[in-house]
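Me: I'd like to go through this one label by label. For each term, tell me what earns it.

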Amino acid sequence: MAARVLLRGSLAGAPALPRLQPGAGLTLRGLGSSARSAREDSWLKSLFVRKVDPRKDAHSNLLAKRETSSLYKLQFHNVKPECLEAYNKLCQEVLPKIHEEKHYPCALVGTWNTWYGEQDQAVHLWRYEGGYPALNEVMSKLRQNKEFTEFRKERGNMLLSRKNQLLLEFSFWNEPVPRDGPNIYELRSYQLRPGTMIEWGNYWARAIRFRQDSNEAVGGFFSQIGQLYMVHHLWAYKDLQTREDIRNAAWHKPGWDELVYYTVPLIQEMESRIMIPLKISPLQ
């Protein structure tokens, strides 16, 4: 289930005093102390933040990988409990054909069932190599594919609900590439406060360096269409205990705690899913 967190902060400023009033020395000293504390806090933040002016460009241009034009689609399918086995079987028959067909400029990055989190849920991640034109080309061709049309109809009878998001990948994250298993995967999803995506990117450009030792970082994405100001981090672990050990180890690395401290106030809600890959998933 989603862990819902509401975080609020405030800034306080003190008016300048033209002259000392009787008994005001203590107040002025307090104001001076607050000002020094604010300056020190601002200086400390500057050590961890790479300054980016969000007014100069869209955050998608500032944060996404410039050397690629890949677009990602993340699908969430809530399946009728009695249909999950049949749904998986159907997907394992049809999805590899789309993935392997060179006629379609897209690739299946990973496909999973949620183990812990929202139950009876399937998650699919696709890459469209060429951005929106590639997405439009694939959708146009699939509408003319009779097998896919029948697949959609049969699949629709098994679903309770579904939603998707179009994503870009952060420039500082690993490229999601096929990997051998067995692994479990954690999809950590963050609903950010509107206007904070640049700050998130600045902090995580540094934070990701603390999470590379065990090759657990798979991919990092932010939404463009669908639920906005959403961030998704995808991690791979051998098992749940390995996940716990790796996450605990990060807290012993100098600097990790400060980065967490500054990113937490940017979050409105967060959710963690532990997922098991299907046999056809390139991420095993």
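Me: Why are helix 3 and helix 5 called roughly antiparallel?

Reply: Helix 3 (residues 84-100) and helix 5 (residues 146-156) pack at about 155°, their axes 11 Å apart. Angles under 35 degrees count as roughly parallel, over 145 as roughly antiparallel, 65 to 115 as roughly perpendicular and the rest as oblique, so this pair is roughly antiparallel. The axes are lines fitted to C-alpha atoms, for helices over the stretch in contact, with angles from 0 to 180 degrees between N-to-C directions. Helices (H or I, at least four residues) and strands (E, at least two) are DSSP runs, numbered from the N terminus.

Me: Where do these values come from?

Reply: This is a predicted model, where local features need pLDDT of at least 70, side-chain atom pairs count only at pLDDT 80 or more, and totals for chains, interfaces and linings use all residues. Residues are numbered from 1 along each chain as its sequence is written, and side-chain values use heavy atoms, leaving out hydrogens and water.

Me: Which residues make the contact between helix 3 and helix 5?

Reply: Contact means heavy atoms within 4.5 Å. Tyr 87, Leu 90, Cys 91, Val 94, Leu 95, Lys 97 and Ile 98 of helix 3 meet Glu 147, Phe 148, Phe 151, Glu 154 and Arg 155 of helix 5. That splits into eight nonpolar, no polar and four charged. The classes: Ala, Val, Leu, Ile, Met, Phe, Trp, Tyr, Cys and Pro are nonpolar, Asp, Glu, Lys and Arg charged, and the others, Gly among them, polar.

Me: What makes helix 6 and helix 8 roughly antiparallel?

Reply: The axes of helix 6 (residues 197-207) and helix 8 (residues 256-263) come within 10 Å and cross at roughly 160°. Set against the cut-off, that angle makes the two roughly antiparallel. Their crossing is left-handed, meaning that the near helix is turned anticlockwise from the far one by less than a right angle (right-handed if clockwise). Trp 200, Tyr 203, Trp 204, Arg 206 and Ala 207 of helix 6 touch Trp 256, Leu 259, Tyr 262 and Thr 263 of helix 8. These come out as seven nonpolar, one polar and one charged.

Me: How do you know that strand 2 is mostly covered?

Reply: Buried means under 20% relative accessible area, exposed over 50%, partly exposed in between (1.4 Å probe, protein chains only). In strand 2 (residues 70-79), ten of its ten residues are buried. Both faces are covered, with Tyr 72 and Phe 76 among the residues on one side and Leu 71 and His 77 among those on the other.

Me: What pairs strand 2 with strand 4 and with strand 5?

Reply: Two strands pair if DSSP finds at least two bridges between them. Nine bridges join strand 2 to strand 4 (residues 121-129), antiparallel, and eight join strand 2 to strand 5 (residues 159-169), also antiparallel. So both pass the cut-off. His 77 is bridged to Ala 122 in strand 4, while Val 79 has Leu 159 as its partner in strand 5.

Me: Why is Asn 215 called partly exposed?

Reply: Its relative accessible area is 47%, so it counts as partly exposed. Asn 215 lies in the loop between helix 6 and strand 7 and has a positive phi of about 60°, although it is not a glycine.

Me: And what puts Tyr 229 in that class?

Reply: Tyr 229 has 24% relative accessibility, so partly exposed is the label. Its phi is positive too, about 55°.
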